[in-house]
Amino acid sequence: MGRPRMPMGGMGNMNSMIKQAQKMQQDMLKMQEEMEQTDFEASAGGGMVSVTVTGKKEIKAISINPEAVDPDDVEMLQDLILVAVNDALKKVDDANAQKMGALTGGLNIPGMF
């Protein structure tokens, strides 16, 4: 009898799957490069504090309106900075999730993002 043979259609499907995986990998690398070159901005306190981060989650700029600087209320300024930074980082995560979802067809692949 021998060992079971794989029908030729099986090999064709395997090759197709490999090609799809390779294309997905190329698309992911391209998306990652685009994300790294994209800036995300967020603000807090009605624009009193603005933060710009890159797609690599590196802070690129922080802008503070002089009116937000109150020596008697430094904690408020610190809170505004934290809110703006966290919001900007969330925008990066949301954009990554959206683009990754488009590439994977909505599949949640662990470790992909």
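Here is a chat between a biologist and a modeller about a predicted structure.

Biologist: Before we start, what kind of model is this?

Modeller: This is a predicted model, where local features need pLDDT of at least 70 and side-chain atom pairs count only at pLDDT 80 or more, while totals for chains, interfaces and linings use all residues. Residues are numbered from 1 along each chain as its sequence is written, and side-chain values use heavy atoms, with hydrogens and water left out.

Biologist: How many helices and strands does the protein have?

Modeller: Two helices and three strands, in the order α-β-β-β-α along the sequence. Helices (H or I, at least four residues) and strands (E, at least two) are DSSP runs, numbered from the N terminus.

Biologist: Why is Thr54 called buried?

Modeller: Buried means under 20% relative accessible area, exposed over 50%, and partly exposed in between (1.4 Å probe, protein chains only). Thr54 has 12% relative accessibility, so Thr54 counts as buried. Thr54 lies in strand S2, residues 49-54.

Biologist: And what does Thr54 contact, leaving aside neighbours within four places in sequence?

Modeller: Glu36, Thr38, Asp39, Phe40, Lys60 and Val92. Contact means heavy atoms within 4.5 Å.

Biologist: Why does Ala61 count as partly exposed?

Modeller: Because its relative accessible area is 35%, and partly exposed is the range between the buried and exposed cut-offs. Ala61 lies in strand S3 and touches Ser50, Val51 and Thr52, not counting residues up to four places away in sequence. Ala61 and Ser50 are eleven residues apart in sequence, and their C-alpha atoms are 8.0 Å apart.

Biologist: What makes S2 and S3 a pair?

Modeller: Two strands pair if DSSP finds at least two bridges between them. S2 and S3 (residues 59-64) have five, in the antiparallel sense, so they qualify. Val53, for one, has Ile59 in S3 as its bridge partner. The two strands form a hairpin with four residues between them, and Lys57 in the turn has a positive phi of about 65 degrees.

Biologist: How do you know that S1 and S2 pair too?

Modeller: Six bridges join S1 to S2, and they run antiparallel. Ala42 has Val51 in S2 as its bridge partner. This hairpin also has four residues between the strands, with Gly45 taking a positive phi near 65 degrees.

Biologist: Which side chains of S1 are buried?

Modeller: Along S1 (residues 39-44) they alternate: Phe40, Ala42 and Ala44 point to one face and are buried, whereas Asp39, Glu41 and Ser43 point to the other and are not.

Biologist: What makes Ile59, Ile62, Ile64 and Val69 a patch?

Modeller: Patches are made of residues with over 30% relative accessible area and no salt bridge (a side-chain nitrogen of Lys or Arg within 4 Å of a carboxyl oxygen of Asp or Glu). Like charges are joined within 9 Å, and nonpolar side chains (Val, Leu, Ile, Met, Phe, Trp, Tyr) within 5 Å. Ile64, in strand S3, has 33% relative accessibility and so counts as partly exposed. Together the four make a nonpolar patch with about 330 Å² of accessible area (Shrake-Rupley method, 1.4 Å probe, only the protein chains shown counting as cover for residues).

Biologist: How far does H2 reach from its first C-alpha to its last?

Modeller: H2 (residues 74-104) has 31 residues and reaches 45 Å, close to the 45 Å expected. The expected span is 1.5 Å times one less than the number of residues. Its buried residues include Leu77, Leu80, Ala84, Val85 and Ala88.
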